[in-house]
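Biologist: Could you take me closely through the surroundings of the ligand in this model, and then carry on to the secondary structure elements that can be described alongside it?

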Amino acid sequence: MRTKEEYMKALSKMKNNIYFNGERIDRLDERQMACINTIGTTYDVVDDPEYKDLIFAKSHLTGEIINRFTHIHQNTEDLHRKQDMTRKICQKVGGCIQRCMGCDGANAVYNVSYEADKSNNGETNYHENFKKWMERFQKEDLIAACAQTDVKGNRIKRPADQEDPDMYVRVVEKKNDGIIVRGCKVHISEASVSDEIIVVPTRALRPEDKDYAVAFAVPGDYEGVKQVVTIHNLREREHFKRGFMPGATDSYIIFDDVFVPWERVFLCGEYQHAGTLALLFALFHRHSYSGCKPAIGDLVVGTAALAAEYNNIHRASHVRSKLAELIMVTELGYAAGYTASDLGKPEVYMPGVGFIPYGPGSYIPNSIYCNVGRCLSGENVFREAEIIVDLSGGIPATFPHERDFVNPELKEQLYKYITRNPKISPENAAQFWRYVGDMYCSATGGVHLFGSYHGGGSPVMESIAITTQYDIDSKKEIVKRISGIKDELNKA
Ligand SMILES: Cc1cc2nc3c(=O)[nH]c(=O)nc-3n(C[C@H](O)[C@H](O)[C@H](O)COP(=O)(O)OP(=O)(O)OC[C@H]3O[C@@H](n4cnc5c(N)ncnc54)[C@H](O)[C@@H]3O)c2cc1C
């Protein structure tokens, strides 16, 4: 397995295709380091005995021990471990661990490439090609971003109906040795620090949209690929360092007539498989959220409890009910993911058909429980923020800057005037309010709220998945039987 240093060395050798605020920057640019340190934690924990039951998996392709972030789930235990690994490592870095997208994208493509070959009666070789890509992904312990979200142009129009055909990534030419693709994927997390980019469709497609039914993987610095990146760093700390300084990046990825050789193409034209691929990536990703969102919930609960304590209001009854509310959402999100893992099967839900066997036998978490958990957690991020804002009062929003706390003219007075609970040292109180400011009063805090709400698909998409897949009719039948309703009395 690779070390964080080896990962960084590989990044340092990549071509310079990252555009940031008017410059072209190296992958190891100082501004990307907080992000690299965050995702790099997935390499560091390999040597920590506390993580060994979670981080290691046995590859079903090679039999070798690999990092679980590169694994294809083989049973329900794998799904449980992935959820628990995600929660535990997110707790370590204080937020998103950022490596799940590649794992989720790989699990989705692994299944769909198999089904696409099957429906092409073996005329295509997508699955074998993908397995080869996977073997290298596992052996070299690589990081992949998953680029699903297209720019989408006019939201009301489908891909082939857009005035500009490039609003969704598409195949512009098929050649003997590969395809040429054009378009732009947006909001792609950690693509600027990833070795590879997995590209999958955003939505279900019609026959006329077949050029948009394309899945492939290319290196992050591949010829013709430009990344325009936003970097989400917290305000630098000069005197009062945090225990861990996280960071994140998101890219607009422009595919400027990129040649992709066939061995890296995993779907090309099979429009009937595009919707399943889009849904499966979202499903695996929503399962990841059942690990990371509870970890963020752990931080929110801890923050709310400390805010109450440092404000010396922790014995007030309203604090107890707010803490209970935060704990409920956190643990219900986890419980939904746990159930999704436990009910996982090599099956997917097909509209109008129900659950059917799918793929070569790898495990897919239960869709209803992934979606209800993710929807509950995603929609609650603003309520969680509301509770923190409520319990904190205004202090994190207007907290004086660090240098004022080391200025001999002000230091003593500032510490005196921020004291609220005599049992808490003002130095610790200051450190805590700086942390709350990072979480909720910074640009990064705002980005985080958008990501927690929309990442993995907006809540409306989860509502659609839930209501189309849930057996609502059987619930109506229960009520009719109990209440004595006779269907035959109704008009036809
Ligand atoms: C921080 C962050 C990180 C992300 N990371 C990734 C990533 O790594 N990979 C990835 O692929 N994606 C990523 N995403 C994208 C995320 O999945 C999308 O933001 C999400 O799917 C919503 O799509 P959108 O942003 O295009 O919103 P829009 O689709 O523009 O939604 C805006 C509103 O329009 C509504 N709407 C859209 N279409 C229609 C329609 N036809 N009819 C009626 N209403 C409509 C929506 O319901 C919503 O209310 C990330 C997003 C964020 C914010």
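**The shell around the ligand**

Modeller: The shell around the ligand draws on both domains, with at least three residues coming from each of domain 1 (4-275) and domain 2 (278-477); please keep in mind throughout that this is a predicted model. In number, 20 residues surround the ligand, and the closest are Gln148, Thr149, His187, Ser189 and Gly451. By character, the residues of this shell divide into eight nonpolar, nine polar and three charged. If we ask which elements supply them, at least two residues each come from β5 (144-147), β7 (178-189) and α14 (443-454), and α14, with four residues, gives the most to the shell.

Strand β5, one of these contributors, also belongs to an open sheet of four strands, whose order is β5-β8-β9-β12 and whose pairing is mixed. Its edge strands are β5 and β12 (265-268), each of which pairs on one side only, and the twist from one strand to the next averages 20°. As general background, the strands of a sheet pair through backbone hydrogen bonds, in either a parallel or an antiparallel manner. Within this sheet, the pairing of β9 (residues 214-219) with β12 is antiparallel and runs over three bridges; as a specific register point, Val214 has Cys268 in β12 as its bridge partner.

A further antiparallel pair is made by β13 (residues 347-350) and β14 (residues 354-357), which four bridges join, with Tyr349 standing opposite Phe355 in β14. The hairpin of β13 and β14 has three residues between the strands, and there Gly352 takes a positive phi near 80°.

A positive phi is also found at Gly484, just after α16, where the value is about 80°. For the helix α16 itself (residues 472-483), a simple length check is possible: at 1.5 Å a residue, its twelve residues should span 16 Å, and the end C-alpha atoms are 17 Å apart, which agrees. As for its environment, the number of buried residues among the twelve of α16 is zero, so this helix lies largely in the open.

To return to the part you asked about, the ligand is surrounded by residues from domain 1 and domain 2, with α14 as the element that gives the most to the shell, and with His187 and Gly451 among the closest residues.

Conventions. Residues are numbered from 1 along each chain as its sequence is written. This is a predicted model: local features need pLDDT of at least 70, side-chain atom pairs count only at pLDDT 80 or more; totals for chains, interfaces and linings use all residues. A residue is near a molecule or strand if its C-beta atom, placed from the backbone, lies within 6 Å of it. Ala, Val, Leu, Ile, Met, Phe, Trp, Tyr, Cys and Pro count as nonpolar, Asp, Glu, Lys and Arg as charged, and the others, Gly among them, as polar. Domain bounds come from an automatic or database domain assignment. The expected span of a helix is 1.5 Å times one less than its number of residues. A residue is buried if 20 or more other C-beta atoms lie within 10 Å of its own, exposed if 12 or fewer, and partly exposed in between; C-beta atoms are placed from the backbone. Two strands pair if DSSP finds at least two bridges between them. Axes are lines fitted to C-alpha atoms, for helices over the stretch in contact, and angles run from 0 to 180 degrees between N-to-C directions.
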